[in-house]
Amino acid sequence: RHIQPWSTTSSTMGASDASRPGLAVGMAAAAVLCAATQLCVTDAMAVAADTPYEVQPAAQGGGASAPAGLLFTKHQNYSTNGFLANFSNPRDHFRVLYPHLSDDSCGGYQQPSKAAAKAGCLFACNGSPFKMGQPPTGKTCLGDVISDGHVVEEDPTRHYPGFGITKSGNFAMGSFSEDDLKKLDFEQLLSCFNWLVRRGTMAVPSAGGEVAPRTVIGTDAAGRLMVFVADGIERSTPPKGLTMQQTALWAQSLGFYNAMNLDGGGSTVAVINGTIVDHPTCIDTPLKCERPVTTVPCVMP
């Protein structure tokens with residue numbers, strides 16, 4: 001359903017690339033794309049450099065009546081597999097799903113594959129950080145959550161940045177104040193952990209750290225929605241997956257212009273038409289299993 005043929009590519013980026021902040025994409029790449037396609041990142045779509053968030057018009061490759069335009073590709077790097085979903089027409093197709101309590105707030109858990117099948121998603125993945133080990137009626141979402149224009153959760157601590165789409169059709173990502181949320185008027189929003197790529201520049205300065213499966217959400221320079229997941233196993237010797245900087249470098253090399261880090265580890269999973277396409281590790285061992293989570297980024301057909 002609206003999926004271009006699967007293709008497999010290999011990346012050749014290595015540890016030495018950590019010192020190459022302009023790797024693969026950046027402002028120069030955006031300028032080339034602009035000249036070739038007229039899909040340009042202009043001052044009108046970006047906010048001031050000192051603002052803690054970015055705003056970018058979502059691509060409309062055919063309008064609301066056209067399909068989402070999924071191109072799904074498999075990649076290999078850092079001794080693991082990565083899976084990239086790129087949507088050429090995301091504006092009217094992106095949603096945030098969440099597990100509902102009786103008062104429509106966020107509580108309990110849901111497996112992305114089951115949530116995607118119920119909602120009819122073309123593509124879905126795991127989303128925000130969340131509270132684990134809560135009872136079925138317990139509050140589980142962390143950070144701000146907006147689904148189909150409904151403010152599900154608003155976090156007064158402003159601890160978590162977010163990624164979402166506004167009612168006017170702009171992707172917005174970064175840290176938002178209460179006033180920002182009102183001004184931007186989100187249709188969909190979920191919380192994230194941190195920047196990986198911002199305006200084409202890799203945003204994780206330090207190498208090393210935890211190696212784990214990863215989930216990334218963001219945009220390319222033309223406003224196409226991009227989602228990337230990387231396989232891994234945290235409880236192996238040595239652990240398999242990516243460090244945070246490796247995640248950022250790989251995302252940058254794949255064409256992310258802006259990229260945010262979603263929940264990862266045993267939560268990481270990617271689903272197309274109800275079928276899991278990566279290797280999730282819900283208990284952080286080699287066993288393939290899907291972890292119940294809270295928010296689920298969903299792209300409708």
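## Reading a predicted fold, step by step

Me: What makes strand 4 largely enclosed by the rest of the structure?
Reply: Seven of its eight residues are buried, so the rest of the structure largely encloses strand 4. Keep in mind that this is a predicted model.

Me: Which strands does strand 4 pair with, and how do you know that they pair?
Reply: Pairing takes at least two bridges between two strands. Strand 3 (residues 70-77) and strand 4 share eight bridges and run antiparallel. Strand 4 (residues 80-87) is also joined to strand 15 by six bridges, again antiparallel. Both counts satisfy the cut-off, so strand 3 and strand 15 are each called partners of strand 4.

Me: Which residues stand opposite each other in these pairs?
Reply: Between strands 3 and 4, Q76 faces N81. Toward strand 15, G82 of strand 4 stands opposite A230, and N86 has M226 as its bridge partner.

Me: What links strand 3 to strand 4?
Reply: The two form a hairpin with two residues between them, and Y78 in that turn has a positive phi of about 50°.

Me: What makes strand 15 mostly covered?
Reply: Six of the six residues of strand 15 (residues 225-230) are buried. Both faces are involved: L225, V227 and V229 lie on one side, and M226, F228 and A230 on the other.

Me: How do you know that strand 14 pairs with strand 15?
Reply: Strand 14 (residues 214-219) and strand 15 have six bridges between them, and a pair needs at least two, so they qualify. The sense is antiparallel, and T215 stands opposite V229. The hairpin they form has five residues between the strands, and G223 there takes a positive phi near 85°.

Me: Why is the contact between D220 and R224 called a salt bridge?
Reply: The N to O distance is 2.6 Å, and the cut-off is within 4 Å, so the pair qualifies. In general, side chains of opposite charge can pair when their charged atoms come close.

Me: Are D220 and R224 buried, partly exposed or exposed, and how do you know?
Reply: D220 has 7% relative accessibility; buried means under 20%, so D220 counts as buried. R224, at 23%, is partly exposed, because that value falls between the 20% and 50% limits.

Me: How many salt bridges does the structure hold, and what does the one between R198 and E54 tie together?
Reply: The structure holds nine salt bridges. In one of them, the closest N and O atoms of R198 and E54 are 2.6 Å apart. R198 lies in strand 12 (residues 194-198) and E54 in strand 2 (residues 53-57), so the pair ties together parts that are 144 residues apart in sequence. E54 counts as buried at 3% relative accessibility, while R198 is partly exposed at 21%.

Me: What does the salt bridge between D144 and R158 tie together?
Reply: These side chains meet at 2.4 Å, N to O. D144 is in the loop between strands 6 and 7, and R158 in the loop between strands 8 and 9, so the pair ties together parts 14 residues apart in sequence. D144, at 6%, counts as buried, and R158, at 25%, is partly exposed.

Me: How do you know that S128 is buried or exposed?
Reply: S128 has a relative accessible area of 2%, which is under 20%, so S128 is buried. S128 lies in the loop between strand 6 and strand 7. Residues it touches include L142, D263 and T294. A polar atom of the S128 side chain also lies 2.9 Å from the backbone oxygen of S191.

Me: Which residues of helix 2 are buried, and what puts them on the same side?
Reply: In helix 2 (residues 112-119), P112, S113, A115 and A116 are buried. They cover an arc of only 165° around the axis, which puts them on the same side of helix 2. On the other side, K114, A117 and K118 are exposed.

Me: What covers the buried residues of helix 2, and what follows the helix?
Reply: The cover includes strand 5, strand 6, strand 17, strand 18 and strand 19. After helix 2 comes G120, with a positive phi near 80°.

Definitions and conventions:
Residues are numbered from 1 along each chain as its sequence is written. This is a predicted model: local features need pLDDT of at least 70, side-chain atom pairs count only at pLDDT 80 or more; totals for chains, interfaces and linings use all residues. Side-chain values use heavy atoms; hydrogens and water are left out. Buried means under 20% relative accessible area, exposed over 50%, partly exposed in between (1.4 Å probe, protein chains only). Helices (H or I, at least four residues) and strands (E, at least two) are DSSP runs, numbered from the N terminus. A polar contact is a pair of N or O atoms within 3.5 Å; within protein, one must be able to donate a hydrogen and the other to accept it, and residues adjacent in sequence count only if both atoms are side-chain atoms. Contact means heavy atoms within 4.5 Å. The arc is that of the directions from the helix axis to the C-beta atoms. Lists of a residue's contacts leave out its neighbours within four places in sequence.
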